[in-house]
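Take a walk through this two-chain model, one chain at a time and then across the contact between them. Keep the structure open as you read.

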Amino acid sequence: MSERACDTCLARSWLVGRLAGHLEAARGRVDQVLALEDDALIVAIGGREKARLEREFETLDVDEVRRRAGGAGVDTVCVCDPGYPSGLRALPAPPAVLYVRGRADLLLGEAVAIVGSRKASMYGLDVARSLGRELAVAGLTVVSGMAHGIDSAAHAGALDAGMPTVAVLPGPANRPYPAGKRGLHRRIVAQGVAVSEIVPGTNVWRWMFPARNRIIAALAAMTVVVEAGERSGSLVTARLAHAIGRPVGAVPGRVTTPQAKGSNLLLASGGASVVLGAQDVLDHLFGAGERTAGPARPPAPAELRPLLDAIAEGHETAAALARAGFEPDRGLAALAELELGGFVRRGAGGRFRIAP
Amino acid sequence: MRTLDAMLARVATFAIDGIDPRHVWVEVDIRGGLPAFTIVGLGDAAVRESRDRVRSAISNSGFDFPQTRITANLAPAFLRKVGPGFDAALALGVLAASGQVPADALDAYAVFGELSLSGDLRDSPGALAVAEGARRAGLERLIVPRERAREAALVGGLEIAGVSSLRAAAEVLAGGALPPLPEVGAGLGGISGVAGATSEPDLADVRGHAAPLLALEIAAAGGHNLLFEGAPGTGKTMLARRIPSILPAMSRAEAIEVTRIHSIAGLHAAGLVGARPFRAPHHTISAAGLVGGGSPPRPGEATLAHHGVLFLDELAEFQRSSLDALRQPLEDGCVTIVRGQRALVFPTRFMLVGATNPCPCGFAGVGDRCNCGEADLRRHSRRLSGPLLDRMDLLINVERPTEPELRAPAQTSSARARERVARARERQRFRLTGHGARCNGEMDARAVRRHVRLEDAADSALAQAYVVGALSARGRHRVLRVAQTIADLSGHGRVTHADLLTALSLRQRGDADTTLAA
């Protein structure tokens, strides 16, 4: 376990963790506050605790912070380290220390962020998952926030392909957040990396979410929004990416889906380029046709093609297919065959969807 | 009648303990003293109140109620006695002890039934169990309320005296002829609910629902538990109600067992139950209501559904504790209820049918209509998951039929489906005899390995399903069981590629959740 972070950076990082509660009160201007020097930070938000905070900061035992990180099984990389991801230096207030659980080297690779709604539609989840898979196969690192919905689907897509992925957590890197994503966290840590600027042992506060989003935007060469509601946090990520000059893409969503309103508006306003698939991302990053997404899936067997077409036309359930003229017993078997071949997916309510 | 000598009479009757009869002796002792009538022997409130019914019934039947000290004992004393079924035995005991009916005539009899104040013998639940007890105890004759005579007569080797009053019972004891059994029909002794009778729900009433009908037949043929998934009002309950009509007819032994249980629960009119039970408890039911319990223990819905179908609508709404309680009945085919020193066993071999919405709002997957987030879906599926879902071999999606489908003629009828099911069951019986399972749905992992034979193409499809993560290890067994049933229905010696694929398409979604990430 390497504990490479320097004393100054660790002290700064401790201070941010110590001030977590105070920062909550300054939530509206967290990015400005975090850009302040240590002393100024204490003065700005320390309030009545100012004197005590100064004393604690003076007498801080940095090794104690190191031990805390070591105990939580996380490595530390500070901004003074050559191994610190250079993308983050573009931020007005880059995190002093990154706490890393898993393969720290992944933070240095070429990365794409896939973010979106927590209450995504099935369509959105499908798209995020296949984007994650295809971009990972194309050699890019998929970065996201391990939230419910799109974020998790993007991570899972990369993991499906046997590729690593980077999860930037709002709280400490050793603590799965949301707690229900324990299983995903375990897989990410084993196969990829979970990273955070928050010192282990700190509680999760609301200001940490936009703060986490700035790390996602800065780690990635491009940010892709899959589905975002009108007030989604992923729009914040898109804005932060914009602010540091990184390209933003968005996947068009159904006009009737409220969860896609924000991302559709982003496209309409010209704030993002249209992403229809992994190839669009690769073209945008490396120039048209420079790199290609993995080979296309082999076509479905000829005898299953009519069924596949019927599903594509919206006959999504066994009952609908029976109506379209497919015998129930032969139709059921054919559906299973399509599913095994990866051509369709079965979702809730027995609805089959074309696999993207 | 005044005498200082004690007079003693003894009458055999039976208490219902759970669903089993227990021999009880009613001893009546009459001796000189101030008029008093006490009943001892761990009776409940209904037994205590029996004193007043017996006194009035005796007087109103033209007998004398002895104005002396009367003590009645229900033996054995440790057994809790419940209900008014001891009235007739108590009354005849009093009459015998006071010499108004011949006491020695009672030796060959068991007596059972509730009395009204006027001396009529009222319909009382549990007559079949009592008759079984009487035969086991080696008694020759049984006096029961007339409404229950035909039911009691289902037990061979007993002479049944179906009487409608205490007076008539006394006449039988005095040597009168046994009254003939009541006629079949006339609401008395008919065989109720014969399978195929016109009142039964039939598959011929179903329009549309092609895929669910196929799945229903598979479930019935293999005895598989199944789960319906679909929005409210699509026909899940309607389909479930028709499952008993395509299950093979009950054997006589099964029918008698069901009749005994339903008679004790006071559920059925008279005679032999002919149709397999269908029980659909509401989702607010408690664990005790579902699997049996209470004090004294009573059979729950799981036991009332014995040899039939237990239908749980809105499965996700049931209390967790109720669903968990179904674990033992599903595993063992019986439920054991322990009260104090005793354990009661209720049989629970039923086919479990569940129905649920696909998601909390019911419109799962319909992109813009469903507004359930991942967390909602997760919560929903967590409510459903667990030991219960493990036992569900089939998942059937049910959709509202379209207008043209509603106008189309019926696709099948219960009679035809029942025939196919019976043939498939016959093949299973042939294969599984001596292996502890009666149908494919009851095969354990070992039996699956031993009996399910796959064609090569089917085998490789199964391997593929496992590799791409569409199946869990447990789900694999479920699919194999179902595939074997499909093969049995189509008369294939080995499971073909198509059989296996059909089974895969009817598998539970919980086996591999491809939509929700990790």
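## Domains, sheets and the chain contact

The C-alpha centres of domain 2 and domain 3 of chain B are 22 Å apart. This is a predicted model. The domain assignment splits chain B into domain 1 (7-173), domain 2 (203-426) and domain 3 (443-518). Between domain 2 and domain 3 of chain B, 21 residues of the former are in contact with 14 residues of the latter. On the domain 2 side, at least two residues each come from α6 (210-222), α14 (374-384), α15 (387-390), β16 (394-397) and α17 (414-432) of chain B. The largest share belongs to α6(B), with five residues. By class, this side of domain 2 of chain B has 11 nonpolar, four polar and six charged residues.

Stay with α6(B). It packs against helix α20 (residues 473-490) of chain B at an angle of about 95°, and the axes are 9 Å apart. Angles from 65 to 115 degrees count as roughly perpendicular, so α6(B) and α20(B) are roughly perpendicular to each other. From α6(B) come Glu217(B), Ile218(B), Ala221(B) and Gly222(B). They meet Arg481(B), Val482(B), Thr485(B), Ile486(B), Asp488(B) and Leu489(B) of α20(B). This contact of α6(B) with α20(B) holds five nonpolar, two polar and three charged residues.

Now look at a sheet in chain B. It is open, with five strands in the order β11-β12-β15-β10-β16 (chain B), and the pairing is parallel. At the edges stand β11 (278-279) and β16 of chain B; each has a single partner strand, so one side of each is left without a neighbour in the sheet. Inside the order, strand β12 (residues 309-312) and strand β15 (residues 351-356) of chain B run parallel and are joined by four bridges. One residue to find is Val309(B), whose bridge partner in β15(B) is Met351(B). Helix α6(B) returns here: it packs on the sheet and touches β10 (226-229) and β16 of chain B. The direction of α6(B) makes about 160° with that of β16(B).

Turn to chain A. Its domain assignment gives domain 1 (104-286) and domain 2 (302-354). The C-alpha centres of these two domains of chain A lie 31 Å apart.

Chain A also has an open sheet, this one of nine strands. The order is β1-β2-β6-β5-β4-β3-β7-β8-β9 (chain A), and the pairing is mixed. The edge strands are β1 (75-78) and β9 (273-274) of chain A, and each pairs on one side only. Strand β3 (residues 111-115) and strand β7 (residues 222-225) of chain A pair in the parallel sense over four bridges. Val112(A) has Met222(A) as its bridge partner in β7(A). Helix α7 (residues 122-137) of chain A packs on the sheet, where it touches β3, β4 (141-144), β5 (165-168) and β7 of chain A. The direction of α7(A) makes about 175° with that of β3(A).

Next, find two helices further along chain A. The axes of α10 (residues 208-219) and α11 (residues 233-243) of chain A come within 8 Å and cross at roughly 45°. That makes α10(A) oblique to α11(A). The crossing of α10(A) and α11(A) is right-handed. On the α10(A) side, the contact is made by Phe209(A), Pro210(A), Asn213(A), Arg214(A), Ile216(A) and Ala217(A). On the α11(A) side, it is made by Gly233(A), Val236(A), Thr237(A), Leu240(A) and Ala241(A). Seven of these residues are nonpolar, three polar and one charged.

Finally, cross between the chains. The contact takes 43 residues from chain A and 34 residues from chain B. On the chain A side, the elements giving two or more residues are α7, α8 (150-160), α9 (182-191), α15 (318-323), α16 (328-340) and β10 (344-346) of chain A. Helix α16(A) gives the most, with nine residues. The chain A side has 17 nonpolar, 14 polar and 12 charged residues.

What does α16(A) cross at roughly 80°? Its partner is helix α21 (residues 497-505) of chain B, and the axes come within 7 Å. That makes α16(A) roughly perpendicular to α21(B). From α16(A), the contact uses Asp329(A), Leu332(A), Ala333(A), Leu335(A), Ala336(A) and Glu337(A). From α21(B), it uses Ala498(B), Leu501(B), Thr502(B), Leu504(B) and Ser505(B). The contact of α16(A) with α21(B) has seven nonpolar, two polar and two charged residues.

Notes. Residues numbered from 1 in each chain as written. Chains lettered and ligands numbered in written order. Predicted model: local features only at pLDDT ≥ 70, side-chain atom pairs only at ≥ 80, totals over all residues. Axes fitted to C-alpha atoms, helices over the stretch in contact; angles between N-to-C directions. Parallel < 35°, antiparallel > 145°, perpendicular 65-115°, else oblique. Left-handed = near helix turned anticlockwise from the far one by under 90°. Contact = placed C-beta atoms within 7 Å. Nonpolar A, V, L, I, M, F, W, Y, C, P; charged D, E, K, R; others polar. Domains from an automatic or database assignment. Pairing = 2+ DSSP bridges.
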